[in-house]
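Please look over the sequence and the model below before reading on. The report that follows takes up a few places in turn, beginning with charged side chains.

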Amino acid sequence: MTTTEKIAQISGYWVDRGDHVVAPMQGAMAPSDAYDEATKHGIGHLTRVYGTRPVDPVRRAEWLWAEQRRLKAETRLGIPALVHEECLTGLAAWQAATFPAPPSWGASFDDALVERMATSIGTSMRELGIHQGLAPVLDVVRDARWGRVEECISEDPYLVGSVGSAYVRGLQSAGIVATLKHFVGYSGSQAGRNHAPVHAGPRELNDVFLVPFEMALLDGGARSVMNSYAEIDGVATASNRELLTDLLRDTWGFDGTVVADYFSMAFLHSMHKVAASKADAARIALRAGIDIELPDADVLLEIGEPDEELAALIDLAAARALTQKEELGLLDETFDEAPTDVDLDGEEAREIALALATESVVLLSNDGTLPLAKPSTIAVVGPNAFGHEALMGCYSFANHVMASHPDVPIGIQAPDLVTSITERFAASAIVSARGCDVEGDDLSGIDEAVAAAEGADVAVVAVGDRAGLFGRGTVGEGNDAESLDLPGQQRHLVERLVATGTPVVMVVLSGRPYDLAWALEGSEAPAAVLQSFFPGEAGATAVAAIVAGDEAPSGRLPMSLPRSAGAQPYGYLHPPLGGSSEITSADSTPVRPFGFGLSYTSFVRESLRLDGAVTTSDGVQASVVVRNTGERAGTDVVQLYAHLPYRSTTRPVAQLVGYARVALEPGAAATVTFDVPAARLAASDMRAVRTVEPGPLELWVGAHCEERETEVSTTLAGDVFAPTVESRRLTAVRISADVAGDASRGADEALHAAGVGSVSA
C-alpha cells in the first residue's frame, strides 16, 4: 500500500453533511475534498450515511450497496468502507425505533433488558449495511449541570460499567462494533461546562472514570474506543499516550481501534493549542494512539511525506483499521443485493422500548393518589404533555436531526402523554392545556391550565426538559445549566395547579435531575411525583400505565436528586469530607438519594448474612431476604452497599457493590445471594495503585444508599491484594425463592415470569 492509500484507510468522509449543526465546530471543519476525489484511493469510514438527514432507508441502502461495489471495483485495492452511525437511543436514522435515554437504563437496573435493546438496535444497523455504532457513553455523572448528563447511565461507576457492558454485548452480538465513549473523564468538566478542563487526580481517574471502560472492554469485549474532547490536568486526551496506549493497549490488552471524536485531532491545533499545525496534530494524535480520524480526513491530509517515525505510526493505525474490516467480513463482502424491505420500528423493538420505559419510571412521592381510581375527568397539562420530542434525548433522531426538518413526519409510533392518557382512560373526560412552554417567561397560558385543573378530579402535569444541541433546548450536548431549577415558568405552573386543591400528579420528563425539593417536601407539594429520564417512543404509554396502576413503578434513581445547583458537583460516592456537616452552612444532602424509588407495594429486606470466608483476594459472599409485604405484586431492586473505613486513602461512605431486580407476588419472599469479587472492593492506594487492603468492612442492604435496613460488619482478612485484568469484576447474583409455604410458590412464579435467575449485576 502507498502512504496515500494507508491514510485513506484511517480517514473518514461525511458524505451527506448538511448545513444544520450536529457536531461541535462543524461549520469550521469543512471537508477538504469533494467525495470522488477523497475516495479515489479508498476510504476507511463513511460517516453517518443514514443519520444526517431524513432519508428513506431502502433507497439509501441501494445507494450504499452501489457505492461499496464502486469502491471494490474502481479503487486499486478494492477495499469497502466501514459505515458508522450514532445509536445511543436506537439507530439515529429516519423510521428507526427510539428507545429510552441512558439514565433510564440506569434507573431500570436491568442489564438483561438493556442487552436485548442493544441487540435489537444492532440487528437494524446490520440490515442496513452499518458496521460500527458510536455508543455506549460510559461517562460517570459528576455534575448535574452538565448538558450531556442525559447521555450518561449513572453517577455510580459500577452501575455504568455493568449496564454499559450489557449494551456492548447486545450490540456486538448483532455484528456491530461498539464504541466506548468518551475515553476518559469527559463528564468531570469544570463547572459542568461542555469542552471544559477536567481537574481529576489519578485516584478519581482510577476509581471512578476508568472503571466502566475497564469493565466494558474486559467483560463486554468492546472493539472500539473514542477519545474524549477533554483535557485532564492540562493534557489533552487526544494527545495522551499514557491513557490511549500505555493503559488501554499495554495494560488492558485492547487490540481494537481508537477512533477520534469528531474533529478532535484538529482540536489539538485549533482549541487545545498544543500542536503548532494540523500536521503536528496528526503526529501527536497518532503517537498517542488514535487510529482513525473522524468524521473526515482533515489533519491527516496535511501530513505530506512522512518521516520514519510517522510512517511507522501510519502503518500501525492502518493495520488496526484493516484488521477490523477483516473481522467484520468486509474484505470478502460482495454487496450483491441491498435490502428491499426493512422495518426499523417493528413489534419486538416497540415491546422492548415499552418494557424499558416502564421499568425505569421512578416514583419519588405519593400520598396515595396513585394509582388513579376511576376519575370522571382528568386534566392533562404542561408543556411536556404535548409532542414526542418531550420523550426523547439529544441523540435521538427526532431531536438530533428532525428538529431541522419540521415538515417531515417522525416516521415512528411515538404517542405523547395527552394521547396516551386519553387512550388509557377512555371512560374519563380529558381536558388539556399547555400552560406554558419548557423555556421562556410567557405566563399567558397558565390561567387556562388552572381552569382545566379546577374542573377535574385529578390533574396530570408534565414538565421537564426539551433535548437539543448547542442551545436548541434545555439539556443535551452544549446545553449546560447554571441553575437546577425547572426551566422557564414550569414551577410556577405546578404551584398554581396545586393551589386549586385538585390532586396533582407531576410527571418530570427530563434529561438531568432537577432541584425538586419544593415539589417533594412540605404541605404545598403535589400529591405524587414521577421522574422519567427521556423514556423514548413508548414512554408516554409506560407513564400512563403506571398512573393507571396497570404497572407498579420499579425504577430507582441512577443519580442523586440535587438540592441546588450550588451543591454541585455532588455524588453519593463521596468520602466523609464530601457530605454535609456541622462545620459548613452549605447543605449538599440530596432531596432523594441514589437508588431511591417507591412502589405501589412495600418491601422488607432482612437477615443479611455472610456466607464463607471474607478475604482480600476472594472478596465476600452475602445473602439477604427480600419480602413483599404489600397487597399487590411488585419488583424490588435489591441494592448491596459497602463501606471500607480506616484504609490508607479515604473511601466513599457508601458504594454499590451488587444489585438485582426481584419480582414478587404479595407475601412472597426470595433470598438474594451476592458474590462480590475482590475487584469491587479495590481502590487506589497512596501510590495510586488499585488494591484491596485488609481491614473493617461494612455491608448493608436498604431501599437506597442512605438506608441501612439490614447490615453486617466483618473484617477483610489477608494480605494487600492487587486485582489484575484476569480478575473477576462483576458481582454474581443468585436469586432463589423462599422455602416457606405458599410464599415460595408465589416467588417462584414471579421470578420465572421476570426471567430472573443467576445473573451478573
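How many residues apart in helix 16 are glutamate 495 and arginine 491, and what separation in helical turns goes with that spacing? In this predicted model, glutamate 495 and arginine 491 stand 4 residues apart in helix 16, so that about one helical turn separates them. Their side chains meet in a salt bridge, with 2.8 Å from N to O. Glutamate 495 is partly exposed, having a relative accessible area of 35%, and arginine 491 likewise counts as partly exposed, at 36% relative accessibility. Elsewhere, Arg283, Arg287, Asp307 and Glu309 are joined into one network by salt bridges that share partners.

**Salt bridges along and across the chain**

The whole structure holds 40 salt bridges, and the table sets out three of them.

| Pair | Closest N and O atoms |
|---|---|
| Lysine 6 and aspartate 315 | 2.6 Å |
| Glutamate 67 and arginine 70 | 2.6 Å |
| Glutamate 495 and arginine 491 | 2.8 Å |

The pair of lysine 6 and aspartate 315, which forms a salt bridge, joins two helices: lysine 6 belongs to helix 1 (residues 3–9) and aspartate 315 to helix 11 (residues 308–327), so the pair ties together parts that are 309 residues apart in sequence. Lysine 6 is buried, with a relative accessible area of 18%, whereas aspartate 315 counts as partly exposed at 37%.

The salt bridge between glutamate 67 and arginine 70 lies within a single helix, helix 3 (residues 57–74), where the two residues are 3 residues apart and therefore separated by about one helical turn. Glutamate 67 is buried, and its relative accessible area is 7%.

**One face of helix 15**

Which residues of helix 15 are buried? In this helix, which runs over residues 446–454, they are Ile446, Ala449, Val450, Ala452 and Ala453. When the helix is viewed down its axis, these buried residues fall within an arc of 160 degrees, so they line one face of helix 15. The face turned away from that buried side carries Glu448 and Glu454, which are exposed. Among the elements that cover the buried residues of helix 15 are strand 11 (377–381), strand 12 (429–433), strand 13 (458–464) and helix 16 (490–498). Helix 16 is also the helix that holds glutamate 495 and arginine 491, the pair with which this report began.

**Enclosed space**

The model has 4 cavities of 30 Å³ or more, and the largest cavity contains about 110 Å³ of space. This largest cavity is lined by 13 residues, of which Ala144, Glu155, Ser560, Gln568 and Tyr570 are the closest to its centre. Sorted by kind, the lining of the largest cavity consists of 8 nonpolar, 3 polar and 2 charged residues.

**The surroundings of proline 696**

Proline 696 is found in strand 23, which covers residues 695–702, and at 31% relative accessibility it counts as partly exposed. With neighbours within four places in sequence left aside, which residues are in contact with proline 696? They are His643, Leu644, Pro645, Tyr646, Arg647, Thr714 and Thr715. For histidine 643, the separation from proline 696 is 53 residues in sequence, while in space the two lie 8.5 Å apart from C-alpha to C-alpha.

Terms used
Residues numbered from 1 in each chain as written. Predicted model: local features only at pLDDT ≥ 70, side-chain atom pairs only at ≥ 80, totals over all residues. Heavy atoms only, no water. Buried < 20%, exposed > 50% of the residue type's maximum accessible area, 1.4 Å probe, protein only. Arc of directions from axis to C-beta. Contact = heavy atoms within 4.5 Å. 1 Å grid on protein atoms, 1.4 Å probe; cavity = no way out; pocket = protein on both sides within 12 Å on 5 of 7 lines; lining within 4 Å. Points joined across faces, edges and corners; volume = space filled by probe spheres on them. Nonpolar A, V, L, I, M, F, W, Y, C, P; charged D, E, K, R; others polar. Salt bridge = Lys/Arg side-chain N within 4 Å of Asp/Glu carboxyl O.
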